[in-house]
Amino acid sequence: MLVVITAVGPDNVGLADPIIHYVTGLGANIAEIQMYDHDEEAVFAMFLRVHIDADLYNSLRTALTEIGRLKKLSIRVWSADVRRDCPRIAICTTYRAEPAQAVLEAIAAGDINAIPAVMIGNRDNCKGLAESHGVDWQNIGGEKGEANDEQMIEILDQYDVDYVLLARYMRVLPATSCWKYAGGRIINLHHGLLPSFPGIRPYHDANEVRMLTFGATCHFIVPELDAGNQIIHQETFSVEPGTKIEEILRIGQEVNEPTCLVEGLRRVVAGEVELHFHRVVPRKTHD
């Protein structure tokens, strides 16, 4: 059984040792380990991917939760195999509803085997969409749309989600949030083709250099900025020379982006791909 362990908290000495010693004491095989120790921020973060016997999973979670309490660490133990047939999804939005709507419709049609456990927004624009699909809605935004990142994590934990879907969620997650749900659990929709067109205006940037093909990218989020583009799926469309930017935006936002996100999420939920050492690879079967 492949298990992901994350630990985040105030920096101190001797934080990694008890976790690693307990895991190896169970006879687990460590497949991947990453650590982050930033003196200026006084933050410690660790990510482990381990192989253990499936019957040890619950005891592992219990023991590491206790270690987290003693060491003042936020520890999460998760495996995609626990709810492989029907994982729980959190859908995060800001303004545009089309990507989230496409995902909800794909789930309802049986094209994606998942449960939309909660929708989270830093604006209320998609509240009605959540209500129309019978999905709990949670607003984490302030008066100006600033996101309460700690509240987001509390909601994700409360709803016991497997994957966090950033469906045109127009806020950058802080590194600590990314570490807490590291290991291919955060999926983002970028409204441009990566790596060529990052940033907040990819349609305009592509149009300014006379591109006739535009696209969207579904990718995993990793804690380290500029660590690469962990691409799950890309979807493109082409236009005739001279097509107005308004029409390019319409096709991209209303048709192409939703299609891209649905296929990217389907690949992850179906177990076709996984994130390994910051690379998207075909998923192997784990005992």
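Contact here means heavy atoms within 4.5 Å. By that criterion, and leaving aside residues up to four places away in sequence, Met119 touches residues including Ile91, Leu104, Cys126, Val135 and Trp137. The model is predicted, with local features needing pLDDT of at least 70, side-chain atom pairs counting only at pLDDT 80 or more, and totals for chains, interfaces and linings using all residues. Residues are numbered from 1 along each chain as its sequence is written, and side-chain values use heavy atoms, without hydrogens and water.

**Nonpolar cores**

- The largest nonpolar core (buried Ala, Val, Leu, Ile, Met, Phe, Trp, Tyr and Cys residues joined through side-chain atoms within 4.5 Å, where buried means under 20% relative accessible area with a 1.4 Å probe, protein chains only) has 42 residues, and Ile91, Met119 and Ile187 have the most contacts inside it.
- This core draws at least three residues from each of domain 1 (2-78) and domain 2 (88-282), the bounds coming from an automatic or database domain assignment.
- A second, separate core of 21 residues includes Ala7, Ala16, Phe44 and Ile67.

**Second largest pocket**

- The second largest pocket (an open set of points on a 1 Å grid over the protein atoms alone, where a 1.4 Å probe fits, with protein on both sides within 12 Å along at least five of seven lines; lining residues have an atom within 4 Å of a point) is lined by 17 residues, with Arg61, Val77, Trp78, Asp160 and Arg185 nearest its centre.
- Strand 4, a DSSP run of E of at least two residues numbered from the N terminus, gives the most to this lining, with four residues.
- The lining of the second largest pocket also draws at least three residues from each of domain 1 (2-78) and domain 2 (88-282).

Notes
Buried means under 20% relative accessible area, exposed over 50%, partly exposed in between (1.4 Å probe, protein chains only).
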